[in-house]
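Biologist: Please give me a close look at the ligand site and the residues around it. State the cut-off behind each term once.

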Amino acid sequence: MAKKKMGPRHFMYPQPAIIAGTNVDGKPNFMTVAWTGVMQHSPALIYISIRRERYTRAGIEANGTFSVNIPSTRQVVETDYVGINSGHKVDKSKVFNTFYGSLETAPMIEECPVNMECKLIKAIDFEGTHIVFVGEVVETFVSEECLTDGAPDVEKIDPLIFSTEGRYWGIGRMVAKAFNVGKGYENKDGDK
Ligand SMILES: Cc1cc2nc3c(=O)[nH]c(=O)nc-3n(C[C@H](O)[C@H](O)[C@H](O)COP(=O)(O)O)c2cc1C
């Protein structure tokens, strides 16, 4: 198969579009983050990677807390808005209805179906463009209407997806059951 070299790029498909929440000078501020992910299960560690000049950074460093909110496709306009406007210039505290958990300084978004309240564990500074903030999830909230049999239901959550060329998507069709479909693997010679 012919391949074209694209240079050292990170085409990681797909990426989530999450909204990080912080308190800056006592007011909620929200920013969109695509560079985010899971680090380990227990304790539950997640990270967000943000440019050093973000207004959000001041809130994380001052309080040692932040939130990660999963918007659904229904919040696409607000998600994009907080991703193209900085708290350095505009007050984003009223874009969403907010609530707080036990950490008291990590504002979470009522409209987003999933919210993770995080305590800052480590800031990793590669002295490049971004700083990676690692948070321990101290509590996770899921909107009741997005549960099926008590568990989060991805179809009801309808999470917003981002692709690197600058488009938002919804999730697509289910392809197969994970940790399961591979059991039916047959190699090219037909042996199991
Ligand atoms: C879809 C999308 C994804 C983004 N992902 C990131 C990201 O991963 N890291 C980052 O530093 N900025 C990212 N941004 C840009 C910030 O959200 C944007 O600069 C925002 O205005 C920063 O807000 P603040 O200055 O109030 O913290 C993204 C923006 C959009 C629209």
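Modeller: The ligand site comes next, followed by the charged pairs, one loop residue, a surface patch and the chain as a whole.

This is a predicted model, in which local features need pLDDT of at least 70 and side-chain atom pairs count only at pLDDT 80 or more, while totals for chains, interfaces and linings use all residues. Residues are numbered from 1 along each chain as its sequence is written, and side-chain values use heavy atoms, with hydrogens and water left out.

The ligand has 22 residues around it, of which Thr32, Arg51, Thr56, Ser86 and Gly87 come nearest; a residue is near a molecule or strand if one of its heavy atoms lies within 4 Å of it. Serine 86 places a polar side-chain atom 2.6 Å from a ligand oxygen. The backbone takes part as well: a polar backbone atom of arginine 51 is 2.8 Å from an oxygen atom of the ligand, and a polar backbone atom of alanine 34 is 3.0 Å from a ligand nitrogen. The protein buries 88% of the 650 Å² that the ligand exposes when taken alone (accessible areas come from the Shrake-Rupley method with a 1.4 Å probe; for residues, only the protein chains shown count as cover).

Arginine 51 has a second partner, glutamate 53, in a salt bridge whose closest N and O atoms are 4.0 Å apart (a side-chain nitrogen of Lys or Arg within 4 Å of a carboxyl oxygen of Asp or Glu). Arginine 51 is partly exposed at 30% relative accessible area, and glutamate 53 is partly exposed at 43% (buried is under 20%, exposed over 50%, partly exposed in between, with a 1.4 Å probe and protein chains only). Side chains of opposite charge can pair when their charged atoms come close. The count of salt bridges is five. Another of them joins glutamate 61 and arginine 57 at 3.0 Å, N to O. These two are four residues apart in helix α1 (residues 55-63), so about one helical turn separates glutamate 61 from arginine 57. Helices (H or I, at least four residues) and strands (E, at least two) are DSSP runs, numbered from the N terminus. Glutamate 61 is partly exposed at 44%, as is arginine 57 at 23%. A further salt bridge links glutamate 165 to arginine 167, with closest N and O atoms 3.0 Å apart.

Serine 93 sits in the loop between α2 (76-84) and β7 (98-99). With a relative accessible area of 7%, serine 93 is buried. Beyond its neighbours within four places in sequence, serine 93 touches Lys27 and Pro28 (contact means heavy atoms within 4.5 Å).

On the surface, Met6, Phe11 and Tyr13 make up a nonpolar patch with about 330 Å² of accessible area together. Patch members have over 30% relative accessible area and no salt bridge; like charges are joined within 9 Å, nonpolar side chains (Val, Leu, Ile, Met, Phe, Trp, Tyr) within 5 Å. Tyrosine 13 lies in the segment before β1 (15-16) and is exposed at 54%.

The protein chain has three helices and 14 strands. Of its 192 residues, 36% count as buried. Its C-alpha atoms fill a box of roughly 65 × 45 × 35 Å along the principal axes.

Definitions and conventions: A polar contact is a pair of N or O atoms within 3.5 Å; within protein, one must be able to donate a hydrogen and the other to accept it, and residues adjacent in sequence count only if both atoms are side-chain atoms.
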